[in-house]
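Here are my notes on the model you sent over. Have the coordinates open while you go through the points.

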Amino acid sequence: MREAIQQLQQCLGIDAVLQDPEQLRAYAGGGLTNRCQWPVAVLLPDSVAQIQSILRICKSRRLPVVTRGAGTGDCGGAAPRPNGVLLSLDRLNRILEVDPRNRTATVQAGVTHQCLLDGLAGSGLYSGAAYVTQDTTTVAGSMAKNTGAQPAAVSGHIINLKWMDADANLLSLGGSGYDAPGYDLLPLLMGSEGGLGIIVEVTLRLWPRPVQHTPLLTAIWNRAQAVRIVLMRLFKAIIPSQLPNLCPQYNDTECQYLHAIKTCFDPDLLLNPGTVLPLAGNPSCQMDDQGGVAIPPKDP
Amino acid sequence: MIDFVMPQDAGVELQERVATAYRLGQPLRIQCGNSKAFYGESVSSSGCSGSESAKRKPLVVGEVLDLRQHRGIIDYDPQDGVITVRAGTPLRQVNALLAEHGQILGFEPPHFSEQASVGGCVACGLSGSARPFLGSVRDHMLGCSILNGKGERLRFGGKRVGPAAGLDVARLMVGAMGSLGVLLEISLKTLPAPEVELTLALPTGTQEALDVMSARAGKPLPLTALAYDGEAVLQRLAGSAAAVKQARRKLAGDEISSGRTWWEDVREQRHYFFQAPFLQTPFLQTPFLQTKEPLWRLSLAPATLPLGLPGSWFYDWGGALRWFYSAAPYRHIRAAVEAEGGHACLFRNERGIDGVPIFHPLPSGLGLYQRRLKQLFDPACILNPGRLYRDSECRSENGL
C-alpha cells in the first residue's frame, strides 16, 4: 500500500494526495452519513491524464477506486472503501466551451451546476437542471446518479460524454448530434454511480432560459395527483424542477444481469465497488456489510 | 373508426420458441408489423461468426419470430401519464387511444406503414420532428420486459414517470434492433396533446435557414419542430392558446393551413422531398427502371454549415438531422460527416448497393462493450444476428 501511495504522490504531486486524518475526515462519507468510512488516501487530480495514471496504478495493485463529485448523494455513491482510495473530481472544474449557436456547453466533470449557470449568464441559455443543492452538486455527479433533469431524462441532456473505463481508456459516447450509432450506452452510465466508468467531461445541451422561474406550493393528496399536476403543467410552460428517483424491484435473474453488466465494464470490480446497485426488495441485489458487491453464485 | 385488434398474450409461446432456438442455435428474425424492414442490415449468418469477410454478401438466415400475436394495451393511466403495452400492439391503436384522452407520444415515432408496432418503434429508436424539443424514444422509455437470448424473461425499469434508480437497462433496448432481447412489454411516458398547433413558413436560402433555426431554438418559445425543406423554414408552435398566440406575434413567417399534414408527411417520408430524387442517368429514366438514389440520415450539430456534398437535402430537428439523397461514394459522405463530429446512416438503399455498412462504424474502444453486452444478453447469438452490425457484434473477444 505504501508503495502505491508513493507512486500516486509521484504522479500527482504531494499536495494532491491527502492522507492526514483531519483532511480525510471531510471525505469520510457523502450525503449518506451513516456509512462513514475513511479511505487510505484522497486523490485530487487536475487533469484527465492524471486520472488515467491513477486508474493504471490502482488497477495494477487492485486498489478499489471510489469516485466522488461533491458528495451530496444520499445513496452512498461517494462512500469510500477503507482499503481503497477516493478520487475527488473537485479540481476538474473548468467550463471548456460554450457554443451558443449549437446550444451546448462542454464542461469538466467537477463543475458545479451553479458555476455552469453563472458561466452562462447573459447568453439567454441554461442547462435545464435545477437542484436544491446546485451550489455544490457537480454536473458529472448528478449524471452518475441520474437525477435532477427535467423535462427530458438525464441522458436527453447529453450530447457527448467523455469517460474512462476501468482499463484507463478514454472513451467518447455520443457525437455532435442528438444520437449516436450502436447500442446506447449513455443511459447505462447515467445511474451507474461511477461503477461502470469515470465521467471526465460532458457536453451538455443548453435550453432557452425561462423568462421566469417561480416556486409553486401545491397541496397534493396522492402521488397520482402529483404526477398529473406535473404533466398537465408541461405544456403550459411551467416546468417542474425535480422528480424523485424510484427503485424498481428486481428478481434474482435480473439482479444477476445487472451485476453482469457491471462486470462487462469493470471485470475486477475496482470502480465504486458496492455502490452501483441500490436496489430494494431483493437481498441478493444489495450491498454486503463490507460495502462490496454481493455477487450471486450463478453466472448468467 | 379504427378496428382494434383483440388483445392476446403470446408471452409463453414466444418464450418457448426462443428457448428452443437457444438450444438449437437457430437464429431468429424478430418481426412485428414489418414496416421498417428496410432499415438496418439484414439478419445474416456472418453476424454469427467472425471468420467470414464483411465484404462478402451475407447470407440471409433466421426463422421469423412473429410478435404480432403478442398485442394489446395492458395498462394506461392518463393521470399517471404512462402507457404499458405488449410489443406487437399497432402504433396506430396506441395513438388512437391516447388521442381519446387528449394525450400523445411526445417523440412522434414514424410509422412507415399501417402495421407499425410499438415494439418495432422502440427497437429501431426513430423519433420524429419533435425530438429536439420533447425528447427521443429513449427519453420516453420507462421500462420493458424482454426475452433474452436464452428465453429468460426479464423486466427492467419501472412503470412510473421519473428516473429509475440503478442501471438503466430498459433504455439500452431502444435502437438495439432487437439484438439484445425480444421486447415483450413496453412502458412509455405520454404527454398531454397541445391545445393549439400552428405552423409558420418563412422562405429563405440554406445558410440563412440555419441562422434562423439556431436563433429560434435559442429563444424561450413554445416550439415543437423546426425544419427546412430547401425553400422555407417551417416552425411549429404548440401549447396553450395564449402562449402560441403570443409567440406568433414575435415570429416572422406565414401561417400554413395544412400544417398538421405537412409534419405528418415529413414524419412518414411522404413529403415531396422524399418522392422526387431519382438517379440522374438519362437512359435510366424509363419509368420501370427508375430507382431512387440512396437516402442517408445524417446526425450533426444543428448549426453545422452545409457539408458541400452533391445531392439534395432536407433539414429536420432544427438542423441536427439531415436527410440526404446522394449517389456520392459512402466513404466521402462518412468522412465529411465524421469531420463534423456526426454520424451517417444509410437509411434507404433501394438500389441495393452492396458493401456499404448501414450504420456508421463505432468509435474505437466502444466496440468491445457492445460485443460484451451482446454476448451477455444473447450468448448463442440467435437474436437478429447481424442486423445492427454485419460482422462484428457476435465475435468473441479472443477471436479479435
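1. Strand β17 of chain B, residues 343-348, is mostly covered, with 6 of its 6 residues buried. As this is a predicted model, take everything below in that light. The partner to look at is β14 of chain B, residues 295-299, which pairs with β17(B) in the antiparallel sense over 5 bridges. If you want a spot to check the register, B:Ser299 has B:His343 of β17(B) as its bridge partner.

2. While you're on strands, have a look at chain A. There β8 (residues 158-164) and β9 (residues 170-174) run antiparallel and are joined by 5 bridges. A:Leu161 is matched with A:Leu173 in β9(A) as its bridge partner. The two strands, β8(A) and β9(A), make a hairpin with 5 residues between them. In that turn, A:Ala168 has a positive phi of about 65°.

3. Two aromatic residues of chain B also deserve a glance for their backbone angles. B:Phe112 has a phi near 65°, which is positive although the residue is not a glycine. B:Phe112 sits in the loop that runs between β5 (103-104) and α3 (118-124) of chain B. Is B:Phe112 buried or exposed? Its relative accessibility is 17%, so B:Phe112 counts as buried, the cut-off being under 20%.

4. The other one is B:Trp317, where phi is near 55°, again positive in a residue other than glycine. You'll find B:Trp317 in the loop between β15 (312-316) and β16 of chain B. B:Trp317 counts as buried because its relative accessibility is 3%.

5. Now to the empty space. The model contains 8 cavities of 30 Å³ or more, and the second largest cavity holds about 130 Å³ of space. Which residues are closest to the centre of the second largest cavity? They are B:Pro110, B:Ser127, B:Gly128, B:Arg267 and B:Trp323, out of 15 residues that line it. Two elements of chain B, α8 (259-267) and β16 (321-325), each give at least two residues to that lining. By type, the lining of the second largest cavity splits into 8 nonpolar, 4 polar and 3 charged residues.

6. Helix α8 of chain B also carries B:Trp263. With 4% relative accessibility, B:Trp263 counts as buried. What does B:Trp263 contact, leaving aside neighbours within four places in sequence? The list is B:Ser129, B:Thr199, B:Ala225, B:Leu226, B:Ala227, B:Leu234, B:Gln235, B:Arg236 and B:Asp316. Take B:Leu234 from that set: B:Trp263 and B:Leu234 are 29 residues apart along the chain, and their C-alpha atoms are separated by 9.2 Å.

7. For a link between the chains, go to helix α6 of chain B (residues 206-217), where B:Ser214 is placed. Not counting residues up to four places away in sequence, B:Ser214 touches A:Arg101 and A:Arg103. B:Ser214 has 10% relative accessibility and therefore counts as buried.

8. Some overall numbers for chain B, in case you want them for the write-up. Its secondary structure comes to 11 helices and 17 strands. Of its 400 residues, 60% are buried. Among contacts in chain B with a separation of 6 or more, 69% are between residues 24 or more positions apart. Chain B exposes about 15,400 Å², and carbon and sulfur atoms supply 52% of that area.

9. And the matching set for chain A. This chain has 8 helices and 11 strands. Buried residues account for 56% of the 300 residues in chain A. Residues 24 or more positions apart make up 66% of the chain A contacts with a separation of 6 or more. The accessible surface of chain A is about 12,400 Å², with 52% of it belonging to carbon and sulfur atoms.

Notes
Residues are numbered from 1 along each chain as its sequence is written. Chains are lettered from A and ligands numbered from 1 in the order in which they are written. This is a predicted model: local features need pLDDT of at least 70, side-chain atom pairs count only at pLDDT 80 or more; totals for chains, interfaces and linings use all residues. Side-chain values use heavy atoms; hydrogens and water are left out. On a 1 Å grid over the protein atoms alone, a cavity is a set of points where a 1.4 Å probe fits but cannot get out, and a pocket is an open set with protein on both sides within 12 Å along at least five of seven lines; lining residues have an atom within 4 Å of a point. Grid points are joined across faces, edges and corners, and a volume is the space filled by probe spheres set on the points. Helices (H or I, at least four residues) and strands (E, at least two) are DSSP runs, numbered from the N terminus. Ala, Val, Leu, Ile, Met, Phe, Trp, Tyr, Cys and Pro count as nonpolar, Asp, Glu, Lys and Arg as charged, and the others, Gly among them, as polar. Two strands pair if DSSP finds at least two bridges between them. Buried means under 20% relative accessible area, exposed over 50%, partly exposed in between (1.4 Å probe, protein chains only). Contact means heavy atoms within 4.5 Å. Accessible areas come from the Shrake-Rupley method with a 1.4 Å probe; for residues, only the protein chains shown count as cover.
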